[in-house]
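Work through the following exercises with the sequence and the coordinates at hand, and compare each solution with your own reading.

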Amino acid sequence: VKAYSILRVVSKLLIPYILLFGLYVQFHGDYGPGGGFQAGVIFAAGLILYGLVFGLPAFQLAIRRNVIEVMAPLGVLVYAGTGILTILGGGNYLDYDVLEHHWGGLFAFLPHGQHLGIFLVELGVGITVTSVMITIFDLFAARGRRETH
Amino acid sequence: MSESLIVVPLLALLACTAVTVARMRDLWAAVMLTGIYSFLGAGWMMVLDAPDVAFTEAAVGAGISTVLMLATLSLTSRTAKAPVHFPWQALVIVTLTGGALIYGTLDMPAYGDPNAPVHQYPQPNYMERAEHDMHGIPNVVTAVLASYRGYDTLGETTVIFTAAVAVTLLMRRPPLEAMSLQDTTSTKFGDMSESHGPADPQGSGGNTTVDSPRVADLGRGAS
């Protein structure tokens, strides 16, 4: 008989919805309250809940540390790279207006310049915040385990 | 009037929670109460019509930081040491600082005053400007944070990344080769916190000295 079965069942039900809500806050932040920072924290909270209920070994199997360690700087690079992209488009750094109607209408399906810029930038924030929160939890919890033995 | 029916109890609860946290010796309960404090703060932000701030406060203050504080508690002791004498000095400093802060609020404009400096400077018409500049992005907060003040947010993201770098440098366990030189027991149990290793049956059993349930809860979960 496994301990805490109610906790496990309930969090198994909840975690997908927490992650989905995180994605909603991420990609709907231009329209409602929210944005990359809040979304990143909510997404990380869902994954950390998994770690708290199912244990650190299961958490580290599901969320590889080497992936997370690449994603943290990747988010900052997405943000900074958006700025480089606007410079290449002939504007100032992070001037999203130049993302509009360039490249010969090839990317006409993309949203307006400011909208696209904000989307990319918030995506970068979300990626970084998620991986930073997971990293901090992972390292503290792993350290606690090691010291006890 | 009806708003004060919500605001006054909320602020009173905030004050009660703060005093309780300060008097508490049980750190686990104190961490939980700081989570409650953040949640009340989020509710208050909501009353002030700042859903973005309330959102952040609820997610960060009540959610993540509570978990991170619990993770930190698993590395330290669960109860704070009782003070050897009554902290008169600290009380005097806190009273003086609090008095100065309250004195400072006397000069502040009334809540919601349209002539307050914050509504006059730097840009009184962000709302209208955003309507035109942003091609119909309704959330002005997002527009200000990500576009008008894009450099600031880039800086903040870098700060958060720096936090991860610092924690990684300080807390990441050394590679297995280096550990086996130090002592063999750590290596034996080291496998289970390795990112690529499978769940160690020995580790999940927790057959050695897990001295208190809170450590077991964090590290081992409910397996």
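**Exercise 1.** Determine how many helices and strands chain A has, and what share of chain A is buried.

*Solution.* Taking helices (H or I, at least four residues) and strands (E, at least two) as DSSP runs, numbered from the N terminus, one finds five helices and zero strands in chain A, in the order α-α-α-α-α along the sequence. Of the 149 residues in chain A, 51% are buried, that is, under 20% relative accessible area with a 1.4 Å probe and protein chains only. This is a predicted model, in which local features need pLDDT of at least 70 and side-chain atom pairs pLDDT 80 or more, while totals for chains, interfaces and linings use all residues. Residues are numbered from 1 along each chain as its sequence is written, chains are lettered from A in the order in which they are written, and side-chain values use heavy atoms, with hydrogens and water left out.

**Exercise 2.** Describe the surroundings of A:Thr86, starting from the helix in which A:Thr86 lies.

*Solution.* First, A:Thr86 belongs to helix H4 (residues 65-88) of chain A. Next, A:Thr86 counts as buried because its relative accessibility is 0%. Finally, leaving aside residues up to four places away in sequence, A:Thr86 touches (heavy atoms within 4.5 Å) several residues, among them A:Gly91, A:Tyr93, A:Asp95 and A:Leu99.

How values were computed: Buried < 20%, exposed > 50% of the residue type's maximum accessible area, 1.4 Å probe, protein only.
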